[in-house]
Amino acid sequence: MLNIYQTVAACLVALGIAACATQSQSSLQPFTPAEQVAMVEAGRAIATTHCRSCHAIARSDESPRLDAPPLRDVLERYDSSALAGNLMIGVQVGHPEMPEFHMSPNDADALIEYLYSIRKLGQRHCRTLSSAA
């Protein structure tokens, strides 16, 4: 059950998603190339440390667990901002056997940016709350 802090955090994430969605194309601030490279590398390190034992973590490898989707397909199943928010507040994502994560906003953003880098559909276009400074 969510406590008051998790509920407030979820609301703040939702507000950030709404703000991001309502920005005009001209006001979006994408990552600079250097920021994006750093975020992808940090996300790859997180995936290697925390996800590799069950999930495929690259563009073409196979998941060690048959029931664990490759990370390259995760963003086809989950909204990236909602997933980042859930990783930050500790809501369990995935299935009951999957560990509950409590990531910092920067780590959640880095993992999401890595997920974008290994999927086939392209890069993200809007920063989440944690990286919009």
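In this predicted model, the number of disulfides comes to zero. The sulfur of cysteine 51 has its closest cysteine sulfur in cysteine 54, at 8.8 Å, which is too far for a bond, given that a disulfide requires two cysteine sulfur atoms within 2.5 Å. Cysteine 54 is likewise in no disulfide, the nearest cysteine sulfur being that of cysteine 51. The surroundings of these two residues can be described by their accessibility: cysteine 51 is buried, with a relative accessible area of 9%, whereas cysteine 54, at 24% relative accessibility, counts as partly exposed.

**Overall architecture**

The protein has five helices and zero strands, and read from the N terminus its elements follow the order α-α-α-α-α. Of its 133 residues, 39% count as buried, and the protein exposes about 8000 Å², of which carbon and sulfur atoms supply 59%. Where contacts are counted between residues at least 6 apart in sequence, 54% of them join residues that are at least 24 apart.

**The nonpolar core and helix H5**

The largest nonpolar core holds 25 residues, and those with the most contacts inside it are Ala47, Leu71, Leu83, Leu87, Met103 and Leu115. Two or more residues of this core are given by each of the elements H2, H3, H4 and H5, with H5 providing the largest share, eight residues. One of the well-connected core members, alanine 47, touches Arg52, Ile57, Leu71, Leu111 and Tyr114, when residues up to four places away in sequence are not counted.

How much of helix H5 is buried? Of its 14 residues, 11 are buried, so the helix is largely enclosed by the rest of the structure. The buried residues of H5 are Ala108, Asp109, Ala110, Leu111, Ile112, Glu113, Tyr114, Leu115, Tyr116, Ser117 and Ile118, a list that takes in charged and polar side chains as well as nonpolar ones. What covers these buried residues includes helix H2 (33–50), helix H3 (74–77) and H4. As for the geometry of H5, its 14 residues should span 20 Å at 1.5 Å a residue, and its end C-alpha atoms are 20 Å apart, which agrees.

Serine 117 lies in helix H5 and counts as buried, at 10% relative accessibility. The side chain of serine 117 reaches the backbone oxygen of tyrosine 114 at 2.7 Å. In general, an α-helix has 3.6 residues a turn, so residues three or four places apart point the same way.

**Helix H4 and the loop that follows**

Helix H4 is also largely enclosed by the rest of the structure, because seven of its 10 residues are buried; these are Ser80, Ser81, Leu83, Ala84, Gly85, Leu87 and Ile89. At the N-terminal end of H4, aspartate 79 acts as a cap, with a side-chain oxygen 3.2 Å from the backbone nitrogen of serine 81. Just after H4, glycine 90 takes a positive phi of about 90°.

Glutamine 92 is placed in the loop between helix H4 (80–89) and helix H5 (105–118), where this residue is partly exposed, with a relative accessible area of 37%. Leaving out residues up to four places away in sequence, glutamine 92 touches Glu97, Met98 and Glu100. The C-alpha atoms of glutamine 92 and histidine 102, which are 10 residues apart along the chain, are separated by 9.4 Å.

**Arginine 72 and the polar contacts**

Is arginine 72, in the loop between H2 and H3, buried or exposed? At 14% relative accessibility, arginine 72 counts as buried. Polar atoms of its side chain lie 2.7 Å from the backbone oxygen of alanine 58 and 2.9 Å from the backbone oxygen of aspartate 61. Beyond its neighbours within four places in sequence, arginine 72 is in contact with Ala56, Ala58, Arg59, Ser60, Asp61, Ile118 and Arg119. Among these partners, Ile118 is one of the buried residues of H5.

The side-chain to backbone polar contacts described in this report are gathered below.

| Side chain | Backbone atom | Distance |
|---|---|---|
| Arginine 72 | Oxygen of alanine 58 | 2.7 Å |
| Arginine 72 | Oxygen of aspartate 61 | 2.9 Å |
| Aspartate 79 | Nitrogen of serine 81 | 3.2 Å |
| Serine 117 | Oxygen of tyrosine 114 | 2.7 Å |

Note on methods:
Residues are numbered from 1 along each chain as its sequence is written. This is a predicted model: local features need pLDDT of at least 70, side-chain atom pairs count only at pLDDT 80 or more; totals for chains, interfaces and linings use all residues. Side-chain values use heavy atoms; hydrogens and water are left out. Buried means under 20% relative accessible area, exposed over 50%, partly exposed in between (1.4 Å probe, protein chains only). Helices (H or I, at least four residues) and strands (E, at least two) are DSSP runs, numbered from the N terminus. Contact means heavy atoms within 4.5 Å. Accessible areas come from the Shrake-Rupley method with a 1.4 Å probe; for residues, only the protein chains shown count as cover. A polar contact is a pair of N or O atoms within 3.5 Å; within protein, one must be able to donate a hydrogen and the other to accept it, and residues adjacent in sequence count only if both atoms are side-chain atoms. The expected span of a helix is 1.5 Å times one less than its number of residues. A nonpolar core is a set of buried Ala, Val, Leu, Ile, Met, Phe, Trp, Tyr and Cys residues joined through side-chain atoms within 4.5 Å.
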